[in-house]
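Visitor: I'm new to this structure and would like a close look at a single part of it. Could you walk me through one sheet and what sits around it?

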Amino acid sequence: MKIAIFSELFWPYVLGGGENRYYQIAKRLAKNHEVHIYTMKLKETKNYEVFENIHIHRIGLLKHPLDKRNLKPLPFYFFSSIFQELKNFDVLDCNTYFPCISGFLKSKIEKIPIIATIHDVYLNMWGESLGKKIFNPIGKFIERIVCSLPYDKIITVSSATKDLIIKNFSVDEKRIEIVPNGIDIKLIDKIKAKKKENQICFVGRLVPHKHVEDLICAIEIVKKDIPNIKCKIVGSGILKESLEKMIKRKKLENNIEILGYKKNYEDVIKIMKESEILVLPSTREGFGIVMIEAMRCKTIPIAYKQDAYKDFCDNKNSILVEERNVKELAKNIKYLLENERIRKEMAKNGIKTSERFDWNKITKDIERIYENVVN
């Protein structure tokens, strides 16, 4: 097959789960198919290159930074993608959100079967997610357009997102298939690291809906009983500076370290493997791949309850607490740090769970959907 993929961001920008998903799937598909990615221009990269057999076309006018999100280049990418020449392609797969709109228009012009990959449904959470309330009505409007277009097939990453699409946008259930995010089991297992006593971690973007401030407050509570608790925060984002000030104000500099964006994925996994617990105090997740990564690292996930986790979380492999309940978050961090036997038992169950989410298996599922749509 000759496959076109529209994704506003792509390798080497892999800060978000969606970008990493397309990278992992594309490089596996490219072993047997011709794969072309149409993505935004990125600083320090070529406008066109072949990487791991993937044809990467970076289009638009402005260049996007590698270490954060920026909306300015997006309109230029949107219009450039509409005018791309897509001859003799068998299928077009579009990442949420603007790539779905431009891709849909392009599919009608070129008469190419189109698939939309929708990771999450935000509804009234756009303002919180983007950090400004003004984005709420704009986000809701765009989301309604994107989710309601008559694609040949919609792929989503969890049963929770599928349910939201059906409920809010009246999409026929038969048009939606669930293909979860995955992990590179072979790569994760290859990385060696020893657990560090009383170390926990957070991995993700430093944006409002991740609520890293709740983790900081929880550590302040736990520190009273476990003075040597350490927390490694891996990630960057618009709240980095304010979180650093919060840590300093609470005199937690010896306990919490914000490491920023780690370009090397293996470095992230090493930190995760060294940690006893991964804490994800997010109130909005479409899937939460970092939870599966933690399980594979024998690191116990503690997170706020989210419907997105119901496909893989239970009380045998993770701990879920009520949203924004910092005291409960602290209580469970302390409980796990003080109970090695419980951690080891949960780690065994987490390893078993992670087996279902290997990228090689997931790529085969995607390939099957492409072939069904083409035929």
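Guide: Here is a tour of one open sheet, with its strands, a helix, two cysteines and a loop residue. A quick note before we start: this is a predicted model, where local features need pLDDT of at least 70 and side-chain atom pairs count only at pLDDT 80 or more, while totals for chains, interfaces and linings use all residues. Residues are numbered from 1 along each chain as its sequence is written, and side-chain values use heavy atoms, with hydrogens and water left out.

The sheet is an open one of 6 strands, in the order β11-β10-β9-β12-β13-β14, and the pairing is parallel. Because β11 (256–260) and β14 each have a single partner strand, they stand at the edges, and one side of each is left without a neighbour in the sheet. On average, neighbouring strands here are turned by 20° against each other, direction ignored. Those angles run from 0 to 180 degrees between N-to-C directions, with axes as lines fitted to C-alpha atoms, for helices over the stretch in contact. Strands (E, at least two residues) and helices (H or I, at least four) are DSSP runs, numbered from the N terminus, and two strands pair if DSSP finds at least two bridges between them.

Now zoom in on β9 (residues 199–203) and β10 (residues 230–234), which pair in the parallel sense over 5 bridges. One match to look for is I200, whose bridge partner in β10 is C231. Helix α10 (residues 265–274) packs on the sheet and touches β9, β10, β11 and β12 (277–280), its direction making about 145° with that of β9. Contact, by the way, means heavy atoms within 4.5 Å.

What about that cysteine, C231? Its sulfur is 7.4 Å from the closest cysteine sulfur, in C201, so the two are too far apart for a bond. A disulfide would be a pair of cysteine sulfur atoms within 2.5 Å, and a search of the whole structure finds 0 of them. Both cysteines are tucked away: C201 is buried at a relative accessible area of 0%, and C231 is buried at 2%. Buried means under 20% relative accessible area, exposed over 50%, and partly exposed in between (1.4 Å probe, protein chains only).

Last stop: Q306, in the loop between β13 (300–304) and β14 (319–321). Q306 is buried too, at 11%. Its side chain reaches the backbone oxygen of S282 at 3.5 Å. Leaving aside neighbours within four places in sequence, Q306 is in contact with S282, T283, R284, E285 and E323.

Note on methods: A polar contact is a pair of N or O atoms within 3.5 Å; within protein, one must be able to donate a hydrogen and the other to accept it, and residues adjacent in sequence count only if both atoms are side-chain atoms.
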